[in-house]
Structures are given as structure tokens and as C-alpha cells.
Amino acid sequence: MSVPYDTAAYEPPESHESHQPDGTHQPDEHLGRLLGRALNSFELPDEALARLDCALAYDSSLHSAHHSAGLHRETYRHTWLLADGSALTLWELVHNTMPERGTQHEVYTSEEDLHLATDRLPLPREAAPDFELPLQVPSIPEPRRSYAADDSADHARRLLRRAENEDRPGPDTARLLHTAYAHQITQAFGRPRLGFTLYEHAFLLHDGSEISLWEIEHTATPDGRHMCEVYATQDEARAAMQRRATDRSRPSCG
């Protein structure tokens, strides 16, 4: 019959995970352990492994499981978040259905190949797929855009440092951006004649989450000099541009 399993990320009992200073695990460490225990890892395409060289974050979850007549079979989903904004998933099959009854691991690049491999297992009738109980678990979010890994934490630090507005994002945001791994800069608004340009600086953090800062570059200053302001939201940035434009359009007295 089918039985529920712990939905925590799967790792063999004998594995000894190394940790980053913040307690998380490096994506390449997870990949190394997965390939090391999979009997068919040599069959994985080189292209897929090359893409995993730029992995930023990792998530693993139990997909389905069976226990019956002393035999067991589990499938796991391993997903890596890549620097280009895409995600790559490998599927792991764990079972003890071979004559020697030792636990074996196999890895596949598609869920279809995983199902084909599962169907070949000599499981008794009561462990047929009709009794399978898929477990729905959250996976790492896919980012909304493409990113470039280019000293992004330092870029965030320099952006906040050159902001002259007193209501710029504070220390909490700066600490959060210290974990930025990649970023993308997009011009959201530009009116050269009016002297205003709005940029979105989007950052990808090591946990796969995203955060944006909104930068205004303008010359709406009393002496016409160039000024940089940074805000936490687009609405705040656009409101600031409106205020600056209104102040500049007012006639001077005297």
C-alpha cells in the first residue's frame, strides 16, 4: 500500500552535508551528492550539467512513494534556480526492487523518463500506480526576468551610497542586498527634455527571492546639477519625480 513520507528534502542517512556560514547549502554540493549516488549519472547530457554550473539556489522534495511487501520506491524532485532566470529539474528514483534488495538510486532529466523507469520496476500488484499518492510541496520560485551575475552585492551598495534623498531604503534593505548574487537594470521611464530618467535595479538573492530598487536620475535641482535618488517602490519613485517636476515648474519669486 502507499504510505506518506516526510516531505523534507531527501538526503541519504550517511551523507554529511557541509554548510555555508548562514546555514544553507551550496547548490553544487547537492548536485555532487546526487550524481555520486546515482547509478546512471553518466547518462545525463553534458548540456544539462553545464547549465547547473551557474546554479544560485536549490530545492528538493518528495514527489511520490510506495511501500509494499518489503519493497519500497520513492521519487524525488531536485530543482536548481539558474543565474539566467530559468530553473532546471532532475528526477531521482530510489528503490530496493533488485534481487540483492540493496537501495539503488537513478536520476533522470524528465518526468516522462522517470515514469518509464518506475513502470519497469518489479513491484507487486498492490504497489501499482493506481495507489500512488503524489505529495504536493512548494518549490523554489522562478524569477520574473533574466539576470547577470556581476558583483551584484557591491552594485547594490554603490547604488544606495550615491542616493541623496533622505527617505532612501535603510540598513535593513542594505543587509538584505548583501546576499544579492545577480542583478538586472531596466530603464522604466526616460524624458531627456525634462531631465528625468527612472531605472529599476532588480536583484536576485541567494535564496531565490527578488527585490527591486528604483533609481531616479534628474537635474531638477536649484543649480541644475545631476542628482540621484533611490526608492524602495516604483510608486514612491514616480511620486518623487512628480514633486520635483512640480517644484521646477513653479515661477521663482523676487
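Biologist: Which residues does L88 touch, not counting those up to four places away in sequence?
Modeller: In this predicted model, L88 touches A48, R51, L52, H78, T79, W80 and L82, with residues up to four places away in sequence left out.

Biologist: Which residues have the most contacts inside the largest nonpolar core?
Modeller: They are L52, W80, L82, L88, L90 and V107, in a core of 13 residues. The elements giving two or more residues to this core are α1, β1, β2 and β3.

Biologist: Is there a second core, and what does it include?
Modeller: A separate core of twelve residues includes L159, L160, A163 and A180.

Biologist: Two of those names sound like helix α4. Which residues of α4 are buried?
Modeller: In α4, residues 152-162, the buried ones are S152, H155, A156, L159 and L160. They lie on the same side of α4 because they cover an arc of only 130 degrees around the axis.

Biologist: Let us turn to the sheet. In what order do the four strands come?
Modeller: The order is β1-β2-β3-β4, in an open sheet with antiparallel pairing. The edge strands are β1 (55-68) and β4 (104-108), each of which pairs on one side only. From one strand to the next, the twist averages 20 degrees.

Biologist: What holds strands of a sheet together in general?
Modeller: Strands pair through backbone hydrogen bonds, in either a parallel or an antiparallel manner.

Biologist: How many bridges are there between β1 and β2?
Modeller: Twelve bridges join β1 and β2 in the antiparallel sense. One of the paired positions is S64, whose bridge partner in β2 is T75. The hairpin of these strands has two residues between them, and A69 there takes a positive phi near 50 degrees.

Biologist: And how many between β2 and β3?
Modeller: Nine bridges pair β2 (residues 71-82) with β3 (residues 87-95), again in the antiparallel sense. Within β3, W91 is the bridge partner of R77, and A87 is the bridge partner of L81. This hairpin has four residues between the strands, and G85 takes a positive phi near 95 degrees.

Biologist: Is β2 mostly covered or mostly open?
Modeller: β2 is mostly covered, with eleven of its twelve residues buried.

Biologist: Which strands does helix α1 touch?
Modeller: Helix α1 (residues 27-37) packs on the sheet and touches β1, β2, β3 and β4. The direction of α1 makes about 145 degrees with that of β2.

Biologist: What about α3, where does that lie?
Modeller: Helix α3 (residues 111-119) lies across β1, β2, β3 and β4 and runs at about 10 degrees to β3.

Biologist: With which side chain does H63 make a polar contact?
Modeller: The side chain of H63 contacts the side chain of E111 at 3.2 Å. H63 is found in strand β1.

Biologist: Why does H63 count as buried?
Modeller: H63 counts as buried because its relative accessibility is 18%, and the cut-off for buried is under 20%.

Biologist: Now the edge strand β4. Is Q104 buried or exposed?
Modeller: Q104, which lies in strand β4, is buried, with a relative accessible area of 15%. Leaving aside neighbours within four places in sequence, Q104 is in contact with L39, L93, V94, H95 and M98.

Biologist: Moving on to β8, how many of its residues are buried?
Modeller: Five of the five residues of β8 (residues 227-231) are buried. M227, E229 and Y231 point one way, while C228 and V230 point the other way.

Biologist: Why would neighbouring residues point in opposite ways?
Modeller: In a regular strand, side chains alternate between the two faces of the sheet.

Biologist: Which strand is joined to β8?
Modeller: Strand β7 (residues 210-218) is joined to β8 by five bridges, and the two run antiparallel. H218 stands opposite M227 in β8.

Biologist: Last one: where is R175, and is this residue buried or exposed?
Modeller: R175 is in helix α5 (residues 171-177). R175 counts as exposed because its relative accessibility is 54%, and the cut-off for exposed is over 50%. The C-alpha atoms of R175 and A153 are separated by 9.7 Å, although these residues are 22 residues apart along the chain.

Methods:
Residues are numbered from 1 along each chain as its sequence is written. This is a predicted model: local features need pLDDT of at least 70, side-chain atom pairs count only at pLDDT 80 or more; totals for chains, interfaces and linings use all residues. Side-chain values use heavy atoms; hydrogens and water are left out. Buried means under 20% relative accessible area, exposed over 50%, partly exposed in between (1.4 Å probe, protein chains only). Two strands pair if DSSP finds at least two bridges between them. Axes are lines fitted to C-alpha atoms, for helices over the stretch in contact, and angles run from 0 to 180 degrees between N-to-C directions. Contact means heavy atoms within 4.5 Å. A nonpolar core is a set of buried Ala, Val, Leu, Ile, Met, Phe, Trp, Tyr and Cys residues joined through side-chain atoms within 4.5 Å. The arc is that of the directions from the helix axis to the C-beta atoms. A polar contact is a pair of N or O atoms within 3.5 Å; within protein, one must be able to donate a hydrogen and the other to accept it, and residues adjacent in sequence count only if both atoms are side-chain atoms.
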